[in-house]
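Q: Please take a close look at one part of this protein: a patch on its surface, together with the parts of the chain that supply it. I would like one connected explanation, with the rest of the chain brought in where it helps.

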Amino acid sequence: MLLLYFLAAGLILGRLAGGRVAGIGSVEFRWVPLAVGGLLVQVALFAQPVAARIGDMGPPLYVASTVAVLCALLRNVRLPGLAVVAVGAVLNLIAIVSNGGFMPSSPEAWAALNGVGVVPTADYSNSALIGPGTLFPFLGDVFYLPRPIPFANVFSIGDVLIGVGVAYLLVRAMQGRASRAAAEPVRSRGSRLGLPQANP
């Protein structure tokens with residue numbers, strides 16, 4: 001839910017910079033079905049009817065869906081901000097894979113958020129409390145948005161990087177610069193190789 005705030009920030013900053021929301025539609029994002037499919041799997045995993053029945057298949061499905069989204073991000077890494085998004089996604093994936101398919105979460109963060117240091121669900125969740133055997137705990141959900149802020153929740157440094165990258169992409173797209181920035185490396189390579197360049 002932290003991403004919602006970065007989306008709003010990106011839209012606001014984009015407008016303040018003189019951009020137009022319509023410019024977002026010009027962004028050419030490749031492998032859309034893979035990214036959307038991975039995100040839909042994650043939404044389904046945490047829907048209560050599925051979460052109550054998923055059992056041991058939860059962690060591998062969550063990791064597989066996260067890898068799918070990461071692959072789509074890497075395919076589009078030339079777009080402004082997506083390199084930062086990909087770094088954030090990799091950091092989250094390292095924490096999740098290293099801990100058996102669960103994102104380590106700080107008991108202190110949950111306690112500050114809910115008054116109790118437990119992950120608030122009895123069904124499948126991608127979260128597991130940080131303990132003595134946790135690997136890379138600093139990459140886990142160790143920060144939190146306090147109540148009564150809407151959508152209060154715990155989050156990781158990877159989530160912050162994802163949000164920053166998405167906000168930057170929105171600002172550049174609203175200014176009409178995202179597509180041009182994605183194409184520039186291709187033209188530069190052609191120029192260095194002495195290939196003829198098309199006139200704009």
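A: A patch here is made of residues with over 30% relative accessible area and no salt bridge, and nonpolar side chains are joined into one patch when they lie within 5 Å. The model is a predicted one. In it, Met1, Leu4, Tyr5, Ile149 and Phe151 form a nonpolar patch on the surface. Together these five residues have about 470 Å² of accessible area.

Take leucine 4 to begin with. Leucine 4 lies in helix α1. Its relative accessibility is 38%, so it counts as partly exposed. That value is over the 30% that a patch residue needs.

Helix α1 itself runs over residues 2-16, which makes 15 residues. From its first C-alpha to its last it reaches 22 Å, close to the 21 Å expected at 1.5 Å a residue. The buried residues of this helix are Leu2, Phe6, Gly10 and Gly14. They are on the same side of α1 because they cover an arc of only 105° around the axis. What do these buried residues pack against? They pack against β4 (154-155) and α7 (157-174). The face of α1 turned away from the buried side carries Ile12, Arg15 and Leu16, which are exposed. After the helix comes glycine 18, whose phi is positive, near 90°.

The patch also has a member from another part of the chain, phenylalanine 151. This residue is found in the loop between β3 and β4. Phenylalanine 151 has a relative accessibility of 46%, so it too counts as partly exposed. Its phi is near 60°, a positive value in a residue other than glycine. The loop between β3 (143-144) and β4 also holds proline 148. A cis peptide bond joins this proline to arginine 147, with omega at about 10°.

Another phenylalanine with a positive phi is phenylalanine 136, where the angle is near 50°. Phenylalanine 136 lies in the loop between β2 (127-129) and β3. With 37% relative accessibility, it counts as partly exposed.

For a contrast with these partly exposed residues, look at asparagine 92 in helix α5 (residues 82-98). Is asparagine 92 buried or exposed? It is buried, since its relative accessible area is 9% and buried means under 20%. Leaving out residues up to four places away in sequence, asparagine 92 touches Met103, Leu139, Ser156, Gly158, Asp159 and Ile162.

The whole chain gives the setting. Its secondary structure comes to eight helices and four strands. From the N terminus on, the elements run α-α-α-α-α-β-α-β-β-β-α-α. Of the 200 residues, 37% are buried. Among contacts with a separation of 6 or more, 67% are between residues 24 or more positions apart. The accessible surface of the chain comes to about 11100 Å², and carbon and sulfur atoms account for 68% of that.

To return to the patch: leucine 4 comes from helix α1, and phenylalanine 151 comes from the loop between β3 and β4. The buried residues of the same helix α1 pack against β4 and α7.

How values were computed: Residues are numbered from 1 along each chain as its sequence is written. This is a predicted model: local features need pLDDT of at least 70, side-chain atom pairs count only at pLDDT 80 or more; totals for chains, interfaces and linings use all residues. Side-chain values use heavy atoms; hydrogens and water are left out. Helices (H or I, at least four residues) and strands (E, at least two) are DSSP runs, numbered from the N terminus. The expected span of a helix is 1.5 Å times one less than its number of residues. Buried means under 20% relative accessible area, exposed over 50%, partly exposed in between (1.4 Å probe, protein chains only). The arc is that of the directions from the helix axis to the C-beta atoms. Contact means heavy atoms within 4.5 Å. Patches are made of residues with over 30% relative accessible area and no salt bridge: like charges are joined within 9 Å, nonpolar side chains (Val, Leu, Ile, Met, Phe, Trp, Tyr) within 5 Å. Accessible areas come from the Shrake-Rupley method with a 1.4 Å probe; for residues, only the protein chains shown count as cover. A salt bridge is a side-chain nitrogen of Lys or Arg within 4 Å of a carboxyl oxygen of Asp or Glu.
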